[in-house]
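Me: I am new to this structure and would like to understand how each description of it is justified. Please set the values against the definitions as we proceed.

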Amino acid sequence: MSDSSTSPRRGSKLWNLLLVIPFVALLWVPFYNSIEPTISGIPFFYWYQFLWVFITSGLIIVVHRKNGE
Amino acid sequence: MHWTAIIVFLLLFGGVTVMGFLAAHWRRGDLDQLNEWGLAGRRLGTIVIWFLLGGDIYTAYTFIAVPALVFGAGAIGFFALPYTIIVYPLVFLILPRMWSVAHKHNYITAGDFVEGRFGNKWLALAVAITGLVATMPYIALQLVGIQVVIGAMGIGTVGFIGDLPLIIAFVILAAFTYTSGLRAPAMIAIVKDTLIYITVFAMVIVIPIELGGYAKLFAMIPPEKLLLTPPTGTSLGQFSAYATLALGSAFALFLYPHTVTGVFSSSSRNVIRRNAAYLPAYSFLLGLLALTGFMALAVGVDKLPEFAPQFAQYKSNFAVPALILHSFPDWFAGVAFAAIAIGGLVPAAIMSIAASNLYTRNIYVKFFRPDCTPKEEAQNAKIISLVVKFGALVFIIFLPLQYAIQLQLLGGIWISQTIPSVIVGLYTRWFNPWALIVGWGAGLVSGTWMVASLGFQSAVFPLAIDGLTVPGYAALYALAINFAVSIVLTPLLNLVHMTRGTDETEATDYQFDQPVTETRAPAA
């Protein structure tokens, strides 16, 4: 952490690619436009998208850590 | 009249008003400087920015309109959820660059950046005007949120007496924005968001229990509203509309002047990065809120006789207020309505500050008073913030609501046309500034034409490609035209050397960070 604030970090850019995943998962609608499987009566279409709130937030945290603060 | 609700509402609203004025003294700065009044001195840390941007992005209008869309149109209204998810990787990757260059060069608006980057004040003017025009109807729509909850408490909103509560709310808003600047909404946002979280969680817990659980709730929704219309042989149905609305809205979001203002007021790059990870909490909230549209549908609030007059007046925008009145005791309805109304004040204040920053920096000082002092600059911005709000108020009182909604729809399309200058500009200045101006114009005209061809009713344009209809967000289609024109014209215009302009920024400016971090200094 000590020297990372001054020097540009090359190579860490690869971690940014993780952030492409939410775009694919959410913009390709055929992945999730269905009722089944339901979770306690909630259709897939809804819980899948809610799930991605947490996955995306987690991915951002991972990339942030890996890039160094 | 719901007296208990009105009393609770007034108490909360009054408390917030006091807070707005006291905010002038918070982290005291010289409010005669635009930097201090309009960006709170660029000293806001992670937590305040979380509340500020949360209050800024998820507005009163969002809280009324998203459930209303789900209530009326079903699954398509849910696009707000993927939109507010994919926006955060973009925030994480792009906005720290914007923050850095702005901090380094003391840019206050996106127009300032574009002028510094491309050395062309006309391009900056185009960006500033787009921001202003897109923001005005947005402010007006915040008033709609306030108006609807006032109506919900049984206070008539017809005629001058009916408009009076709204006028009072706006005079209060105008006064504390004038005296405290961005500090006021930053402070109020903390109260507002807390109230909103309480309200939404109460709704998504209590109402489904009354209905018999989530399984029952979804079972009560007509099947055609539960999922998107799948593609057929000749059309991509709602699939392409859903994805393009989400993507286009995500890109447009941080071009809006009020978002830019919030970002620029952060104290460091890391404040923005951390918030990219934590702001999705609001997206979760927004998703839950979208579900309340289904709850309103399941309860059938529009068929309850006691709400008939308000539904006639506010249409599906009344779905959520009606659901609240139907499901909760009066005192809690007061809390919920205060949350929505204060939820309108915060973004309206930030938007008016952002709009006046734009006008002052990129129009007034640049074109009319190049030699004005910092104090005059700040004073001018304060006055403009009053003018902007007065304009929004006049808009809502004298023009049909439909105009504000349509203009806001168009605003999203227009603001997207500044992507090549502002977002792409953060990475490259390959584009010729005059080519960008022409491309911007082409995007504005084509986007407006697309929406006009739909009678200003929808932003989803049914593009026909070789017999296949691809319904998509007009902002993206117009942006494609914009890019095409800018790319073709750039090499041509570059032949005329003087059109290039000079770049005052350097590559390292985009990585610039504060020497001292605002929190948690390294222990060593």
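Me: Which residue takes a positive phi in the hairpin of strand 1 and strand 2 of chain B?

Reply: The model is a predicted one. In that hairpin, B:Asp466 has the positive phi, near 50 degrees, and two residues lie between the strands.

Me: What makes strand 1 and strand 2 of chain B a pair?

Reply: Pairing requires at least two bridges between two strands. Six bridges join strand 1 (residues 460-465) to strand 2 (residues 468-473) of chain B, and the strands run antiparallel. The requirement is therefore met. Within this arrangement, B:Ala464 is opposite B:Thr469 of strand 2.

Me: What is the secondary structure of chain B, and how do you know that the chain is as compact as a globular protein of its length?

Reply: Chain B has 23 helices and two strands. Its radius of gyration is 23 Å, and the globule rule gives 24 Å for 524 residues; the two values are close, so chain B is as compact as a globular protein of that length. Along the principal axes, the C-alpha atoms of chain B fill a box of roughly 70 × 65 × 55 Å. Of the 524 residues, 58% count as buried. Among contacts in chain B with a separation of 6 or more, 84% are between residues 24 or more positions apart.

Me: How do you know that the span of helix 19 of chain B agrees with its number of residues?

Reply: Helix 19 covers residues 374-398 of chain B, which is 25 residues, and at 1.5 Å a residue these should span 36 Å. The end C-alpha atoms are 36 Å apart, so the span agrees with the expected one. Several residues of helix 19 are buried, among them B:Ala378, B:Ile384, B:Val388 and B:Leu393.

Me: Why is B:Ile209 called exposed?

Reply: The cut-off for an exposed residue is 12 or fewer other C-beta atoms within 10 Å. B:Ile209 has 10, and therefore counts as exposed. This residue is in helix 9 (residues 183-211) of chain B. The C-alpha atoms of B:Ile209 and B:Gly248 are 36 Å apart, with 39 residues separating them along the chain.

Me: Why is B:Ala202 called partly exposed?

Reply: A residue is partly exposed when its count falls between the exposed cut-off of 12 or fewer and the buried cut-off of 20 or more. B:Ala202 has 16 C-beta neighbours inside 10 Å, so it is placed in that class. B:Ala202 is also found in helix 9 of chain B. Its C-alpha atom is separated by 9.6 Å from that of B:Phe332, 130 residues apart along the chain.

Me: What is notable about the phi of A:Ser40 and B:Lys315?

Reply: Most residues other than glycine have a negative phi. A:Ser40 is not a glycine, yet has a positive phi of about 35 degrees. B:Lys315, also not a glycine, has a positive phi of about 55 degrees. A:Ser40 lies in the loop between helix 1 and helix 2 of chain A, and B:Lys315 in the loop between helix 16 (308-314) and helix 17 (319-327) of chain B.

Me: Are these two residues buried, partly exposed or exposed?

Reply: A:Ser40 has 8 C-beta neighbours inside 10 Å and therefore counts as exposed. B:Lys315 has 14, so it counts as partly exposed.

Me: Where is the peptide bond between A:Glu36 and A:Pro37, and is it cis or trans?

Reply: The bond is cis, with omega about -5 degrees. A:Pro37 is in the loop between helix 1 (21-27) and helix 2 (44-67) of chain A. Chain A has two helices and zero strands, and 23% of its 69 residues are buried.

Me: Which residues have the most contacts inside the largest nonpolar core?

Reply: They are B:Phe337 and B:Ala341, in a core of 206 residues. Helix 18 (residues 330-368) of chain B gives the most to this core, with 20 residues. The residues that B:Phe337 touches include B:Phe9 and B:Val149.

Me: How many residues of chain B are in contact with chain A?

Reply: There are 34, and they are in contact with 29 residues of chain A. Helix 5 of chain B supplies the largest share of this side, eight residues. By class, this side of chain B has 27 nonpolar, five polar and two charged residues.

Conventions
Residues numbered from 1 in each chain as written. Chains lettered and ligands numbered in written order. Predicted model: local features only at pLDDT ≥ 70, side-chain atom pairs only at ≥ 80, totals over all residues. Helix = DSSP H or I, 4+ residues; strand = E, 2+ residues; numbered from the N terminus. Expected span 1.5 Å × (residues − 1). Rg over C-alpha atoms; globule rule 2.2 N^0.38 Å. Contact = placed C-beta atoms within 7 Å. Core = buried A, V, L, I, M, F, W, Y, C linked by C-beta atoms within 7 Å. Nonpolar A, V, L, I, M, F, W, Y, C, P; charged D, E, K, R; others polar. Lists of a residue's contacts leave out its neighbours within four places in sequence.
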